[in-house]
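Work through the exercises below with the model open beside you, and try each task before you read its solution.

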Amino acid sequence: IVDAGIATRGSIAAGLLVGEICMGGLGHVTLRAGGLEGWPTWIEVSSAQPVLACLGSQYAGWSLAASKEETGGKKFFSLGSGPARALAGKEKLFTELGYRDRADSGVLVLEVDRQPPKVIIDKLLRDCGLEPKGLTLILTPTTSLAGTTQVVARVLEVALHKAHELGFALGNIVGGSAAAPLPAPSPDGVQAMGRTNDAILYGGRVHLTVRGDDSAARDL
């Protein structure tokens, strides 16, 4: 278990690495300083395999929940993202992508402010087919520096998700680059999520390289 912002302060640099881990190593996440359009720091993301990097790995699509009875205390909920999703293949998205992983190790990123209970860890090991030594969990609350950074690093993924929802053929998306302003984290969880979402939805810019006919690209 890697603490990237709960008891450990973490950093923007850690968030950049977590962003790349979320993309399964199939993307680059960097920090740009220089006051672009009046904002001091921007996150830049790129991938030559954006569908697998963003939807097959980075997308927070694995719902993980446990009741108070199961945990013996507080109920737990988190959305899992990262390459271990493709080991479990629990989401119907993987059927559409026609993709599954096989490996003896896996990484999952959880946007939480406490460690997951044993019942959740046992489920992850079972669903991913891993031994305990093969599973790494990275915990990044959005209220932390690393958490804020890795959420904003999803600016390309948000565009891929939107393209998918609009019915654009995923196989025709062959490259992508994006940028979004990096806000300061907030100690308030709702405000922290609001800042990162606003950075992506209002400040984000995305360029997708696509193939196929011109009309489909024009519609997108």
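## Exercise 1: Cysteines

A search of the whole structure, which is a predicted model, finds zero disulfides.

Task: Explain why C22 and C54 are not bonded to each other through their sulfur atoms.

Solution. Begin with what such a bond is: a disulfide is a covalent bond that joins the sulfur atoms of two cysteines. Next, take the cut-off, which asks for two cysteine sulfur atoms within 2.5 Å. Then look at the distance: the cysteine sulfur closest to that of C22 belongs to C54 and is 10 Å away, which is too far for a bond. Seen from the other side, C54 is in no disulfide either, its nearest cysteine sulfur being that of C22. As a last step, consider the surroundings: C22 is buried, with a relative accessible area of 0%, and C54 is buried with a relative accessible area of 0%.

## Exercise 2: Pockets

Task: Describe the largest pocket by its volume, its lining residues and the element that gives the most to its lining.

Solution. Start with the space, which is about 510 Å³. Then turn to the walls, where 20 residues form the lining, and E111, T142, V151, M193 and N197 lie nearest the centre of the pocket. Strand 5 (76-81), helix 8 (155-165) and helix 9 (189-203) each supply at least two lining residues, and helix 9 gives the most, with five. Finally, sort the lining by class, which yields eleven nonpolar, five polar and four charged residues.

Task: Which element supplies the largest share of the lining of the second largest pocket?

Solution. This pocket holds about 170 Å³ of space, and its lining includes A48, P50, E96, L170 and V174. The elements that give two or more residues to this lining are helix 2 (50-58), helix 5 (93-97) and strand 8 (173-181). Of these, helix 2 supplies the largest share, three residues. By class, the lining divides into eight nonpolar, two polar and one charged.

## Exercise 3: Nonpolar cores

Task: Which residues touch the most other members of the largest nonpolar core?

Solution. Recall first that in soluble globular proteins nonpolar side chains tend to be buried together. The largest nonpolar core has 28 residues, and V29, I43, V45, L160 and I173 touch the most other members. Among the elements that each supply at least two residues of this core are strand 3 (41-47), helix 7 (145-152) and helix 8. To follow one member in detail, take L160, which touches P50, V51, C54, L55, I173 and L208 when residues up to four places away in sequence are not counted. Apart from the largest core lies another, of 18 residues, among them A66, A84, L110 and C128.

Methods: Residues are numbered from 1 along each chain as its sequence is written. This is a predicted model: local features need pLDDT of at least 70, side-chain atom pairs count only at pLDDT 80 or more; totals for chains, interfaces and linings use all residues. Side-chain values use heavy atoms; hydrogens and water are left out. Buried means under 20% relative accessible area, exposed over 50%, partly exposed in between (1.4 Å probe, protein chains only). On a 1 Å grid over the protein atoms alone, a cavity is a set of points where a 1.4 Å probe fits but cannot get out, and a pocket is an open set with protein on both sides within 12 Å along at least five of seven lines; lining residues have an atom within 4 Å of a point. Grid points are joined across faces, edges and corners, and a volume is the space filled by probe spheres set on the points. Helices (H or I, at least four residues) and strands (E, at least two) are DSSP runs, numbered from the N terminus. Ala, Val, Leu, Ile, Met, Phe, Trp, Tyr, Cys and Pro count as nonpolar, Asp, Glu, Lys and Arg as charged, and the others, Gly among them, as polar. A nonpolar core is a set of buried Ala, Val, Leu, Ile, Met, Phe, Trp, Tyr and Cys residues joined through side-chain atoms within 4.5 Å. Contact means heavy atoms within 4.5 Å.
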